[in-house]
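Trainee: Could we go through this one together? I keep meeting labels and I'd like to know what earns them.

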Amino acid sequence: MIAIHLIQVAYLHDWQLQQLLTPVTTVSVDLVSGSQQAKDRGDAVRAILESINLPGLSPPICRDAMALVDGGVLNNVPADVLVNQGADFVIAVDVGSQLPHEFSRLRDDTPSKKVRPPNAFETLFRAMSVQSHRMNALGAQPADFRIEPDVSGFALSDFRSAVDIAQAGQEATERMISDLCQALKKVDPSLVATL
């Protein structure tokens, strides 16, 4: 409840998703039904908190007979949601597209004699990363354009590196601007007339 109050006071007040200047759809997962929940209407703060509620770090948000967690559990790059809503052009930003090529100090070139078996926690976390990597690729498929910043050197909980992570995203986007303009020209030449 403290997080809800702070976000309301600082940013979103008591706004509804449909009142925001930029259209927003949040995606969460209901652990009761195992289904994806996409919202483009209703309380903005609650919808956002449900969509970023990481399982294991905080308990599910329980309401309306649902137990809601981060939508990334099923669909971390939900381009299909926007396509199904009728979006003309979808740009997906996939921060999980680059899987680190090292696991528990193992690399492609690690000699067999120097291999130290990973522990159960390392194995479970890596298995989840591999699964997420593959799911991200599937979720991004319906997008018209993809930007894939390499943030594989950062941990999921690396909040102190937000500036560096944002910089990686900006650099990846800048590298793709020309390709993006070409893709947008095919949709509507007037979209890039001033770029």
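Mentor: Sure, we'll take the labels one at a time, keeping in mind that this is a predicted model.

Trainee: Let's start broad. How many helices and strands are there in the chain?

Mentor: You'll find 5 helices and 6 strands. Along the sequence they run in the pattern α-β-β-α-β-β-α-β-α-β-α.

Trainee: Why is phenylalanine 121 called exposed?

Mentor: The cut-off for exposed is over 50% relative accessible area. Phenylalanine 121 has 63% relative accessibility, so it counts as exposed. By the way, you'll spot phenylalanine 121 in helix 4, which covers residues 120-140.

Trainee: Which residues make the nonpolar surface patch with Phe121?

Mentor: Its partners are Leu124, Phe125 and Met128, and the patch comes to about 470 Å². To join such a patch, a residue needs over 30% relative accessible area, and nonpolar side chains have to lie within 5 Å. Phe121, at 63%, is over that 30% mark, so the area condition is met for this residue.

Trainee: Now the inside. What makes a set of residues a nonpolar core?

Mentor: The residues have to be buried, of the listed nonpolar kinds, and joined through side-chain atoms within 4.5 Å. Buried here means under 20% relative accessible area. The largest core in this model has 9 residues: Phe89, Phe145, Ile147, Ala172, Leu180, Cys181, Ala183, Leu184 and Val192. Two elements give two or more residues each, strand 6 (145-147) and helix 5 (162-187). Helix 5 has the largest share, with 5 residues.

Trainee: What does valine 192 touch?

Mentor: Leaving out residues up to four places away in sequence, valine 192 touches Cys181, Leu184 and Lys185. There's also another core apart from the largest one, with 6 residues, including Ala79, Ala92, Ala140 and Ala143.

Trainee: How do you know that strand 1 and strand 2 pair?

Mentor: Pairing takes at least two bridges between the strands. Strand 1 (residues 26-30) and strand 2 (residues 35-39) have 5 bridges, so they pair, and the sense is antiparallel. For example, threonine 26 has lysine 39 in strand 2 as its bridge partner.

Trainee: And what sits between strand 1 and strand 2?

Mentor: There are 4 residues between them, and the two strands form a hairpin. Look for glycine 34 in the turn, where phi is positive, at about 75 degrees.

Trainee: Last one: how much of the whole chain is buried?

Mentor: Buried residues make up 27% of the 195 residues.

Key
Residues numbered from 1 in each chain as written. Predicted model: local features only at pLDDT ≥ 70, side-chain atom pairs only at ≥ 80, totals over all residues. Heavy atoms only, no water. Patch = residues over 30% accessible without salt bridge, like charges linked within 9 Å, V, L, I, M, F, W, Y side chains within 5 Å. Areas by Shrake-Rupley, 256 points an atom, 1.4 Å probe, with all protein chains shown as cover. Salt bridge = Lys/Arg side-chain N within 4 Å of Asp/Glu carboxyl O. Buried < 20%, exposed > 50% of the residue type's maximum accessible area, 1.4 Å probe, protein only. Contact = heavy atoms within 4.5 Å.
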